[in-house]
Amino acid sequence: MGSTVLGAESVAAARAILKHQKIDLLLLDLKLPDGGGLVLLEQVKALHPDTAVVVMTAFATVASAVEAMRIGAGDYLTKPFALEELTTVLERAGQRRHFDMESRKLRERLRTQKGAGGLVGQSPEMEKLYRILSKVAFSTHPVLILGESGTGKELVARAIHFNGPNAAKPFVPVDCGSLVPTLIESELFGHVKGAFTGADRMKEGLLATAEGGTVFLDEIGELPLDLQAKLLRALQEKEVRPVGSTQARPISARVLAATNRDLATMVEEGRFRRDLYFRLNVVNLRIPPLRDRREDIAVLAMHFLERMQRESGVVHTFSDDTLRVMTEYDWPGNVRELENAIERACTLSSGPVLHMGDLPTQLQDFRMQRVPTTYASEQDDSSQERPGGGGDGGIVSIAEMERQAILGTIRQLKGDKLMAARLLGIGKTTLYRKLKEYGITEGLGD
Ligand SMILES: Nc1ncnc2c1ncn2[C@@H]1O[C@H](COP(=O)(O)OP(=O)(O)OP(=O)(O)O)[C@@H](O)[C@H]1O
Ligand SMILES: [Mg+2]
């Protein structure tokens, strides 16, 4: 195997070697003349975590082999053993070591801010996600990516593909939600020339185009039931039958799927095939909503701010107020909503500091709900006749929006009602009638 082998006949001799040399693999007997191998194992795991350890033990001491595995040995051999057994165990250890190092490297890359795949976030939830991600990137099983809208499902799918061994092969996203149902089949599986009206040449399906790469089936919950059956067959048989063809064509792409729907419930309700669900759900990656990992909000916000800065060359910072409100807000649209809010703020702001006023209205309304009660009750006075009353979670009726628009415009124009009517695109009489409805007879601002 092209390895250098060093021998040590005691714990002390082994320690001396380990002190000066980097050892890839340690084959360790648990019974040594000057002490127990378990103690050495513990030290090795603490000081040289990269060293793989295989323990050797006599049949009578299998219990200690179990203990050794618990401490961190990768494998064990029961004495006496055949040479082939040793070779197999060593090969396995070598492979595992390679895999562990790759996955650790990837995890490190993902952890750093501008990590592979562009995933940002250091919350325990994201760390957990990176751990799973670094493992699934090296496998070929389907992965089902779950998460609310805007949590980063597509980004995660890309990270899986671009960190795996087939990164150079195509990554083909398929949006099952936006494809016209009648066209999905030929999009996915392809069609032959003349398969239907308009099919004037043969077309390769997306599953086949991804040859050796990854097909990302986005919004899989939207796939019609008949196509779910066809997709399942394609995944099981590893072949597709283009529309209008009698001949199957082999496919070799890995499949990743994503949805923001509750597929398990859809299965219960008969809206999603159970067998396809099981097929896709070999591994599932659940991306938590942003409100469940608030420590990521500021990190992501800074990331988007820096990106804007690179694009526009303009340096922006957040006011304390802005950053605090952003951290407290619930972000129903998750990372995408945050990204949009920051891009908008950078575009709107007149100076280098982004203020509350630069944030989208939903965040400003959110802050208004949180202001001290004295301020809030003042607010309530002016909106007593608001239809439906307050406490409705920031939802404003159209009548209320109209009222705010009319009164706001008149106030801005310092009481010029004629001009206000013109700007609002309503007649003068309508404006006066509305004002009367609001119980306002005095001019505003004049
Ligand atoms: N952890 C993250 N780090 C950096 N950017 C992120 C992260 N998560 C999401 N984004 C960004 O947020 C936006 C939304 O992400 P993405 O499109 O992957 O979400 P999604 O879950 O597929 O959303 P939808 O359900 O609406 O399709 C993208 O611009 C993406 O780059
Ligand atoms: Mg998406």
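## Close-up views of a predicted model

**View 1. The surroundings of ligand 1.** Of the 17 residues around ligand 1, those that come nearest are V120, G152, K153, E154 and V335. Two elements, helix 6 (153-162) and helix 14 (334-348), give two or more residues each to this shell. Sorted by class, the shell holds five nonpolar, eight polar and four charged residues. Ligand 1 lies between domain 2 (118-194 + 202-286) and domain 3 (291-369), because both give residues to the shell around it. Please keep in mind while looking around that this is a predicted model.

**View 2. The whole chain, for orientation.** Before we move to the sheets, here is the setting. The chain has 19 helices and 16 strands. Of its 446 residues, 25% count as buried. Take the contacts between residues at least 6 apart in sequence: 66% of these join residues at least 24 apart.

**View 3. An open sheet of five strands.** Follow the strands in the order 7-10-13-6-14 and you will cross the sheet, with parallel pairing. At its edges stand strand 7 (171-175) and strand 14 (283-286); each has a single partner strand, so one side of each is left without a neighbour in the sheet. From one strand to the next, the twist averages 20°. For a closer look at one edge, find strand 6 (residues 143-146), which runs parallel to strand 14 and is joined to it by four bridges. One pair to pick out is L146 with its bridge partner R286 in strand 14.

**View 4. An open sheet of three strands.** Here the order is 1-4-5, and the pairing is again parallel. Strand 1 (25-29) and strand 5 (75-79) take the edge positions with a single partner strand each, so each has one side without a neighbour in the sheet. On average, neighbouring strands of this sheet are turned by 20° against each other, direction ignored. Five bridges link strand 1 to strand 4 (residues 52-58) in the parallel sense. Among the residues to look for is L28, whose bridge partner in strand 4 is V55.

**View 5. A helix across the three-stranded sheet.** Staying with strands 1 and 4, we now add helix 2 (residues 37-47), which lies across both of them. Helix 2 runs at about 160° to strand 1.

**View 6. Helix 19 and the residue that follows.** Our last stop is helix 19 (residues 428-437), which is hardly covered: zero of its 10 residues count as buried. Just after helix 19 comes G439, with a positive phi of about 80°.

Technical notes: Residues are numbered from 1 along each chain as its sequence is written. Chains are lettered from A and ligands numbered from 1 in the order in which they are written. This is a predicted model: local features need pLDDT of at least 70, side-chain atom pairs count only at pLDDT 80 or more; totals for chains, interfaces and linings use all residues. A residue is near a molecule or strand if its C-beta atom, placed from the backbone, lies within 6 Å of it. Ala, Val, Leu, Ile, Met, Phe, Trp, Tyr, Cys and Pro count as nonpolar, Asp, Glu, Lys and Arg as charged, and the others, Gly among them, as polar. Domain bounds come from an automatic or database domain assignment. A residue is buried if 20 or more other C-beta atoms lie within 10 Å of its own, exposed if 12 or fewer, and partly exposed in between; C-beta atoms are placed from the backbone. Two residues are in contact if their C-beta atoms, placed from the backbone, lie within 7 Å. Two strands pair if DSSP finds at least two bridges between them. Axes are lines fitted to C-alpha atoms, for helices over the stretch in contact, and angles run from 0 to 180 degrees between N-to-C directions.
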